[in-house]
Amino acid sequence: MDGLGLYSAQALYLFAPLAVGMVVLGVALRFDLGRWLRRPVDAGLTVRGRRVFGANKTWLGMLCSLLGCTLGVAVQAAVGDRAGDLALIHYRAEIVLPLGATLSLGATAGELINSFVKRQLDVPPGRPGHGWWGPLLHVVDQVDFLVTLWPLLLLWLTPDWPLVLLSFGWTFVLHQAITLTGRRIGLTGRAPS
């Protein structure tokens, strides 16, 4: 495998721990776990009379992201060199927590910034924007976490531009698929994450 196929596979492998975080959150929501963590991160605070992040950004979501990303990196460390060219980082036991935290916190920062902007624009959680900027907000909403995550990942690797660009494309496509799957299995409309 080479070229765009390899870059695509590398991007998917690099960000696989984020998918594990989504699965952990999905399990927590499906089985009603962590109810005490379903409190909004913004604690109801407002800016200009609007919620900072909204009720859907909770401590449960942040914890599940951290646990899932760390678990995902632990699996990658266990796979180690057998991943071959897929692994852009030398995965090993001592980086499991730091890299898991980097992935989780980088992604969460992008999500929170996007939520803040949307709340200030009066866009309700889970809804598209209004008017001409609605489609733009939809695209940004799908890839928001990469904007804050890639700069943090520079601590771990020096990516080629095709890898970065493909990561945005794959994230957009996969986000659509994950959203549709979540709706089909009944996770959409459940308690905040």
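Here are four short exercises on the structure above, each with a worked solution.

The model is predicted, so local features need pLDDT of at least 70 and side-chain atom pairs count only at pLDDT 80 or more, while totals for chains, interfaces and linings use all residues. Residues are numbered from 1 along each chain as its sequence is written, and side-chain values use heavy atoms, with hydrogens and water left out.

**Exercise 1. The core**

Work out which residues touch the most other members of the largest nonpolar core, and which helices supply it.

Solution. Start with the terms. A nonpolar core is a set of buried Ala, Val, Leu, Ile, Met, Phe, Trp, Tyr and Cys residues joined through side-chain atoms within 4.5 Å. Buried means under 20% relative accessible area, exposed over 50%, and partly exposed in between (1.4 Å probe, protein chains only).

Step one: the largest core has 25 residues, and Phe15, Tyr91, Leu103, Trp150 and Leu153 touch the most other members.
Step two: at least two core residues come from each of α1 (3-30), α2 (59-79), α3 (96-120), α4 (134-153) and α5 (161-184). Helices here are DSSP runs of H or I, at least four residues; strands are runs of E, at least two; both are numbered from the N terminus.
Step three: α4 gives the largest share, 6 residues.
Step four: apart from this core there's another one of 6 residues, including Leu25 and Cys64.

**Exercise 2. One residue up close**

Find what Leu153 touches, leaving out residues up to four places away in sequence.

Solution. Use contact as heavy atoms within 4.5 Å. The list for Leu153 is then Leu14, Phe15, Leu99, Thr102 and Leu103.

**Exercise 3. Ring pairs**

Classify the aromatic pairs and say which parts of the chain each one links.

Solution. Rings of Phe, Tyr and Trp (its six-membered ring) pair if their centres lie within 6.5 Å; planes under 30 degrees apart count as stacked, over 60 as edge-to-face and the rest as tilted.

Step one: count them, and you get 2 aromatic pairs.
Step two: take Tyr13 and Tyr91, whose ring centres are 5.8 Å apart with planes at 85 degrees, so this pair is edge-to-face. Tyr13 sits in helix α1 and Tyr91 in the loop between α2 and α3, so the pair ties together parts 78 residues apart in sequence. Both Tyr13 and Tyr91 are buried.
Step three: Phe15 and Trp150 are edge-to-face too, at 5.5 Å centre to centre and 90 degrees between the planes. That pair links helix α1 (Phe15) to helix α4 (Trp150), 135 residues apart. Phe15 is buried at 10% relative accessible area, and Trp150 is buried at 6%.

**Exercise 4. Charged pairs**

Locate the partners in the salt bridges of Arg50 and Lys118, and check whether each residue is buried, exposed or partly exposed.

Solution. A salt bridge is a side-chain nitrogen of Lys or Arg within 4 Å of a carboxyl oxygen of Asp or Glu. The structure holds 7 of these.

Step one: Arg50 meets Asp122 at 2.6 Å, N to O. Arg50 is in strand β2 (residues 50-51) and Asp122 in the loop between α3 and α4, 72 residues apart. Arg50 is partly exposed at 22% relative accessibility, and Asp122 is partly exposed at 46%.
Step two: Lys118 meets Asp141 at 3.4 Å, N to O. This bridge links helix α3 (Lys118) with helix α4 (Asp141), 23 residues apart. Lys118 is buried, with a relative accessible area of 6%.
Step three: as an extra, Asp32, Arg35 and Arg38 are joined into one network by salt bridges that share partners.
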